[in-house]
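Me: Could you take me through one part of this structure slowly? I'd like to see how the strands sit together, and then what is packed inside.

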Amino acid sequence: MSPWATGCRRGRRLRKRNVPMKTLLIRNAACVATFDDARTELRDASVLVRGHRIEAIGPAAGLPQQADTVIDARGHLVMPGLVNTHHHMYQSLTRAIPATQDAELFGWLRGLYPIWAGLTPEMVQVSTQVAMAELLMSGCTTSSDHLYIYPNGVRLEDSIEAAQAIGMRFVASRGAMSLGQSKGGLPPDRVVEDEEAILRDTERLIITWHDHSHGAMVNIAVAPCSPFSVSRELMRDAAALARRHGVRLHTHLAENDHDIAFTREKFNCTPAEYAQELGWLGDDVWHAHCVKLDEAGIGLFARSRTGVAHCPCSNMRLASGLAPVRRMLDAGVPVGLGVDGSASNDGAHMVGEARQALLLARVRRSLDAFGCDHGPAEMTARDALAMATRGGAQVLGRADIGHLAPGMCADLALFDLRTLGFAGGAVHDPVASLLLCASPQAAYTVVNGRVVVREGQLATVELQPLVEQHNKLAIQLAEAARTT
């Protein structure tokens, strides 16, 4: 039996014994921004958590003053935990590799595939925790990860177990590459897998790990990598597998001009048409990037409620372009934010990502003759934060996270408005200042009712030894590639 299944059964036994659930009180916050339907914002407010769920939100004077654990939130902004919809966590081992610093997507990948071929289970475990530490310390409570390369005995469990140890809510996407260079794909043959083996392992992971319940800490998604690294047959079969088991589908789509050209040359259609033909549209699907999604594609996505993971930093880093995010949102496309892989960002700071989404939307407006006539209000700070919270939850198919309300999962991020970066800003607008001032680290991050960042420090894993081991493995991985 898996550790997760054991934990779930133990949790059910405890509830049957009527063991009282622990309470957490976040007291006297300067501002609680709920991001509920009305975008309610409360001053001098408190949040009471019982067990894993929010029990009450309201004026501080009207809520209890004591609990099993109390966080003094005076001078703090409290908001929903941020939701990261696209990442490749193993890539934190290959940040700033000199040969890839100035490459676009395809050249960048060709430079990194031979390095990633040396990944080991330990490297995946350690890099996952480093990436998650960065996310948690920026106020992110839920993250997806797209692991699509499995050399040297690497398994998706290496990521899942790392997430459980550090305390992050996790959507583990079983990625795959099956179309090597000898068959017209981009990756070298030595990093691709057999398609039947991919499907068998994906089904095994769903059965073993996926939790459909409210508050699930682990979900599995089915995620063939991209049109240029898997076959049409695998895309079709993967979609059918996911829908048999009621799990979500994820891949890369329409990332840059070369991606568009590949799809047109190989399949004689646009990426959105390719997705439609293979069953990759629907409210159970989300695609990463979609920088080059055209008007017809936006219409297809909107009508089918297909989601998009917008990755502004990565799109700029690789010079992929400016995604038409405002047009997507106005059309009704669900859009969340993703930091993307740490080798194309090269960080995992969700507040910083939301700030970049805000700024990039305004830059696009100035360059786009078809943009709405909103000027700087093309994207407001609250719009960007809504993408980073509610939008991300919608894209990942989670109705239990993304905003603060009684009954929702107790996933919260607290930011100290009294720090230097907020000076002169938070006094005017504590919510907008989160993106319009310097991007801060979280003072506290709470996941499922558990405090995982306390007073700016990671509370679940000792950070310095983790970073030291990560750096050793990064050097080892790069040196191994140079000698092969």
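Reply: Strands β2 (residues 41-50) and β3 (residues 53-59) pair in the antiparallel sense, with six bridges between them. A strand here is a DSSP run of E, at least two residues, numbered from the N terminus, while a helix is a run of H or I of at least four; two strands count as paired if DSSP finds at least two bridges between them. This is a predicted model, where local features need pLDDT of at least 70 and side-chain atom pairs count only at pLDDT 80 or more, though totals for chains, interfaces and linings use all residues. Residues are numbered from 1 along each chain as its sequence is written, and side-chain values use heavy atoms, leaving out hydrogens and water.

Back to the pair: Val49 stands opposite Ile54 in β3. Two residues lie between the strands of this hairpin, and Gly51 has a positive phi near 65°. On to β1 (residues 23-33): eight bridges join β1 to β2, and these two run antiparallel. Here Cys31 faces Arg43 in β2.

Now for the packing. The largest nonpolar core (buried Ala, Val, Leu, Ile, Met, Phe, Trp, Tyr and Cys residues joined through side-chain atoms within 4.5 Å; buried means under 20% relative accessible area, exposed over 50%, partly exposed in between, with a 1.4 Å probe and protein chains only) has 131 residues, and Met79 and Trp116 have the most contacts inside it. Its largest share, 10 residues, comes from helix α3 (residues 121-137). Apart from this core lies another, of 21 residues, including Leu24, Ala45, Ala405 and Met408.
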